[in-house]
Amino acid sequence: MRLVLLGPPGAGKGTQAARLAERYGIAPVSTGEMLRAEVAAGSEIGCQAQAVMQSGSLVPDEIMISMLGRRIAAPDCKRGFILDGFPRTVPQAEALDRLLASRGLALDAVVELAAVDAALIERISGRFICAACGASYHDRYKPTRVRGVCDLCGGSEFICRADDNPETVAARLAAYHRQTAPMLPYYREQGKLFDINGMETMEEVAAAIAARLDALAGETSRRFDVATLTHRGPRV
Ligand code: AMP
């Protein structure tokens, strides 16, 4: 399954992407994570991206498209992937379609997590990450099971994302409305857009997405069965 998860910053894309990746056995691909790794490594891309990310604007399309193209050609994406944070502009969406079409592939669905700005600012301001393994948490919505200890690796040092401060969050939300939201009609016209209310609890959102995608997966495999049954010619 090849999926895109869209939504404003703080809508819960990272958490839902991880769950979906596990549920469908596909690779989670977060362009924000990839960029943060480039910044941490001090690479050329990281140096170009750092100031842009800190300002809350978008990294240029050319950089993102070639980075994403390389990533989804990796072996772990063969069975499918879920993109979190890409595409973010109409040119990125068009480039992704062209990239997949050149390999005889296409997206199966685009899930939009809809949420209101005021709630997003509150959600983002409580986020923190384990410094050792990168697991993400939230003061209110997803605290660690034991206070001050990472559930996954037992680490005890936590950090906040550099771009999770109020000024940058406001700029990221503005960039979402100006550059990313205009992609919604693009996918709606393709009949691939599933809109989900991202304001429910994490569990409710996960259940709503799974219900839509399981139905889609069922349809796809039924279509495949019919095609298999009616295909009488030699297999190549
Ligand atoms: P995220 O972790 O998805 O919120 O991304 C963090 C930041 O990385 C964004 O605010 C952008 O500056 C940059 N970024 C991530 N993905 C993209 C993309 N597809 N296009 C442009 N910039 C991106």
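Strands E5 (residues 127–130) and E6 (residues 136–138) run antiparallel to each other, joined by three bridges. That pairing belongs to a three-strand open sheet in this predicted model, and there is also an open sheet of five strands with parallel pairing. Then there's the ligand, with 16 residues around it.

**The antiparallel sheet**

- Across the E5–E6 pairing, Arg 127 has His 138 in E6 as its bridge partner.
- The link between E5 and E6 is a hairpin with five residues between the two strands. Look for Gly 134 in the turn, where phi is positive at about 85 degrees. As background, most residues other than glycine have a negative phi.
- E5 also pairs with strand E7 (residues 158–159), again in the antiparallel sense, this time over two bridges. Here Cys 130 has Phe 158 of E7 as its bridge partner.
- Put together, the strand order reads E6-E5-E7. E6 and E7 are the edge strands with a single partner each, so each has one side without a neighbour in the sheet.

**Aromatic pairs**

- The model has four aromatic pairs. One of them is Phe 128 with Phe 158, an edge-to-face arrangement with 5.4 Å centre to centre and 85 degrees between the planes.
- Phe 128 sits in strand E5 and Phe 158 in strand E7, so this pair ties together parts that are 30 residues apart in sequence.
- Phe 158 is worth a second look, since the residue is both the ring partner of Phe 128 and the bridge partner of Cys 130.

**The parallel sheet**

- Reading across the five strands, you get the order E2-E3-E1-E4-E8, with parallel pairing in an open sheet. The edges are strand E2 (27–30) and strand E8 (193–197), each pairing on one side only. From one strand to the next, the twist averages 20 degrees.
- On the E8 side, strand E4 (residues 109–114) pairs with E8 in the parallel sense over five bridges. Within that pairing, Val 111 has Phe 194 in E8 as its bridge partner.

**A cis peptide after E3**

- Phe 86 and Pro 87 are joined by a cis peptide bond, with omega at about 0 degrees. For context, most peptide bonds are trans.
- Pro 87 is in the loop that connects strand E3 (81–84) and helix H5 (90–101).

**Around the ligand**

- Of the 16 residues surrounding the ligand, the closest are Thr 31, Ser 57, Gly 85, Arg 88 and Gln 92.
- By type, the shell splits into six nonpolar, five polar and five charged residues.
- Helix H2 (residues 31–41) gives the most to that shell, supplying four residues.
- Two polar approaches come from the backbone. A polar backbone atom of Ser 57 is 2.6 Å from an oxygen atom of the ligand, and a backbone N or O atom of Val 59 lies 3.1 Å from a ligand nitrogen atom.
- From a side chain, Gln 92 places a polar atom 3.0 Å from a nitrogen atom of the ligand. How much of the ligand's exposed area does the protein bury? Taken alone, the ligand exposes 480 Å², and 97% of that is buried by the protein.

Conventions:
Residues numbered from 1 in each chain as written. Predicted model: local features only at pLDDT ≥ 70, side-chain atom pairs only at ≥ 80, totals over all residues. Heavy atoms only, no water. Near = heavy atom within 4 Å. Polar contact = N/O pair within 3.5 Å; in protein donor to acceptor, adjacent residues only side chain to side chain. Areas by Shrake-Rupley, 256 points an atom, 1.4 Å probe, with all protein chains shown as cover. Nonpolar A, V, L, I, M, F, W, Y, C, P; charged D, E, K, R; others polar. Pairing = 2+ DSSP bridges. Axes fitted to C-alpha atoms, helices over the stretch in contact; angles between N-to-C directions. Phe/Tyr/Trp six-rings, centres within 6.5 Å; stacked < 30°, edge-to-face > 60°.
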